[in-house]
Amino acid sequence: MKTTYKIMKLRARQSLQGHYGVVVGSQILMGVLMAAFMFVFEIAMVIVLFSGILWLDGKSPILYIVGTICFVAVVYLGILAFVSLFCAGYMRMFLEIAQARPTDVGDIFYAFKNRGFRFIGLFFALFFIQLAAGLPFGILFLVMTAILGSGAVWITLLGYVPMIWILLQYSQSMYLMIENPDTRISDCLRESRRMMQGNKCRLLLLWLSFVGWIPLIYLSMGIGALWVIPYLLCTLAHFYLSVRMEQQYGESFKTEESGGNEWTTES
């Protein structure tokens with residue numbers, strides 16, 4: 001019997017009891033550190049761009065334009081790499097909480113200390129896979145917009161379909177690497193595809209079940225995210241654990257309708 005998303009959400013609420021201080025504090029700390037990191041990068045970018053303008057005096061602008069584009073691209077790729085490491089650490093925190101293991105704020109630095117380049121590589125692999133999936137529809141949208149004007153908006157909606165499908169298919173790859181940082185990126189992607197066979201709709205319904213929380217985040221001026229995001233991430237961690245156990249034990253895997261955090265198997 002497969003675990004329903006309602007049970008996963010109940011398990012997440014139970015797991016988070018007594019941990020909200022740690023997860024909210026970690027969330028705030030990550031926000032401060034990432035904001036500081038981006039501020040330093042952006043200041044450096046402004047200095048370099050301004051220096052380039054001074055250097056440009058009387059010279060061809062082509063080299064400056066190309067150099068500027070490359071520099072900005074490198075800066076933002078660096079920011080994304082930095083963010084990806086924190087995201088991996090934060091996801092690991094919820095994986096530990098979901099398994100009733102001790103955790104603390106230091107867990108957000110997990111990926112920095114455990115083969116960080118692999119986590120960055122996986123993050124960019126997922127980013128470019130999704131980009132490649134949506135690119136054909138992006139090009140089609142531009143062409144159809146030039147021909148039909150606003151009547152081509154529906155093309156944009158179609159473009160989200162392959163991107164969502166890719167996102168669902170590879171959604172478990174980061175958890176797989178978190179559990180074993182020595183795993184190759186290709187193996188994490190392949191295993192995620194295998195795990196999600198027959199489970200994509202389950203995860204999609206789980207995502208959609210959190211849509212109702214979005215207005216709360218906006219109405220609270222973003223403060224609600226301090227509670228909603230941990231709830232979502234802990235539920236997703238329980239989804240990963242549930243799918244892993246279901247596939248490991250097959251029919252012998254049983255879910256507790258009471259919503260307990262334990263997984264039991266028949267002897």
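1. Let's start with the largest pocket. In this predicted model, 26 residues line the largest pocket, and the ones nearest its centre are M91, L167, S171, M174 and L233. If you want to find the spot on your screen, pick out those five names. The space inside comes to about 740 Å³.

2. Who builds that lining? Seven helices each put in at least two residues: α2, α3 (61–98), α5 (116–148), α6 (153–169), α7 (173–179), α9 (200–208) and α11 (225–249). The largest share belongs to α3, which gives six residues. As for chemistry, the lining of the largest pocket has 21 nonpolar residues and five polar ones, with no charged residues.

3. Now go to the second largest pocket, which holds about 210 Å³ of space. Its lining is a list you can click through: W207, F210, V211, W213, I214, I217, V228, I229 and L232. Two helices, α10 (214–219) and α11, supply at least two of these residues each, and α11 has the largest share with three. How many nonpolar, polar and charged residues are in this lining? Nine are nonpolar, and there are no polar and no charged ones.

4. Stay with F210 for a moment, since this residue is part of the lining of the second largest pocket. F210 sits in the loop between α9 and α10. Is F210 buried or exposed? With a relative accessibility of 6%, F210 counts as buried, because the cut-off for buried is under 20%.

5. F210 also has some partners further along the chain. Setting aside neighbours within four places in sequence, F210 is in contact with K9, Y231, L232 and T235. One of these, K9, lies over the face of the F210 ring, 4.6 Å from the ring centre. Another, Y231, is 21 residues away from F210 along the chain, and the C-alpha atoms of the two are separated by 9.4 Å.

6. Next, the aromatic rings. Searching the whole structure turns up 14 aromatic pairs. One of them is F82 with F86, an edge-to-face pair with 5.1 Å from centre to centre and 85° between the planes. Both residues belong to helix α3 and are four residues apart, which is about one turn of the helix. F82 and F86 are both buried.

7. F86 has a second ring partner, F112. Here the centres are 5.0 Å apart and the planes stand at 65°, so this pair is edge-to-face too. What does the pair link? Distant parts of the chain: F86 is in helix α3 and F112 is in helix α4 (residues 110–113), 26 residues apart.

8. Compare how the two rings of that pair sit relative to the surface. F86 has a relative accessible area of 1%, so F86 is buried. F112 has 35% relative accessibility and counts as partly exposed, because that value falls between the 20% and 50% cut-offs. Both residues also belong to one aromatic cluster, made up of F37, F82, F86, F109 and F112.

9. Helix α3 has another residue to look at, R92. Is R92 buried or exposed? R92 has a relative accessible area of 18%, so R92 is buried under the 20% cut-off. Beyond its neighbours within four places in sequence, R92 is in contact with D107, Y110 and I178.

10. For contrast, look at Q17, in the loop between α1 (5–16) and α2 (20–55). Q17 has 60% relative accessibility and counts as exposed, because the cut-off for exposed is over 50%. Along the chain, Q17 and I97 are 80 residues apart, yet their C-alpha atoms are separated by 9.7 Å.

11. Finally, zoom out to the whole chain. There are eleven helices and two strands, and reading along the sequence gives the pattern α-α-α-α-α-α-α-α-α-α-α-β-β. Of the 267 residues, 38% are buried. Among contacts between residues at least 6 apart in sequence, 73% join residues at least 24 apart. The F86 and F112 pair, 26 residues apart, is one link between distant parts of the chain that you can find on your screen.

Definitions and conventions:
Residues numbered from 1 in each chain as written. Predicted model: local features only at pLDDT ≥ 70, side-chain atom pairs only at ≥ 80, totals over all residues. Heavy atoms only, no water. Buried < 20%, exposed > 50% of the residue type's maximum accessible area, 1.4 Å probe, protein only. 1 Å grid on protein atoms, 1.4 Å probe; cavity = no way out; pocket = protein on both sides within 12 Å on 5 of 7 lines; lining within 4 Å. Points joined across faces, edges and corners; volume = space filled by probe spheres on them. Nonpolar A, V, L, I, M, F, W, Y, C, P; charged D, E, K, R; others polar. Phe/Tyr/Trp six-rings, centres within 6.5 Å; stacked < 30°, edge-to-face > 60°. Lys NZ or Arg CZ within 6 Å of the ring centre and 35° of its normal. Contact = heavy atoms within 4.5 Å.
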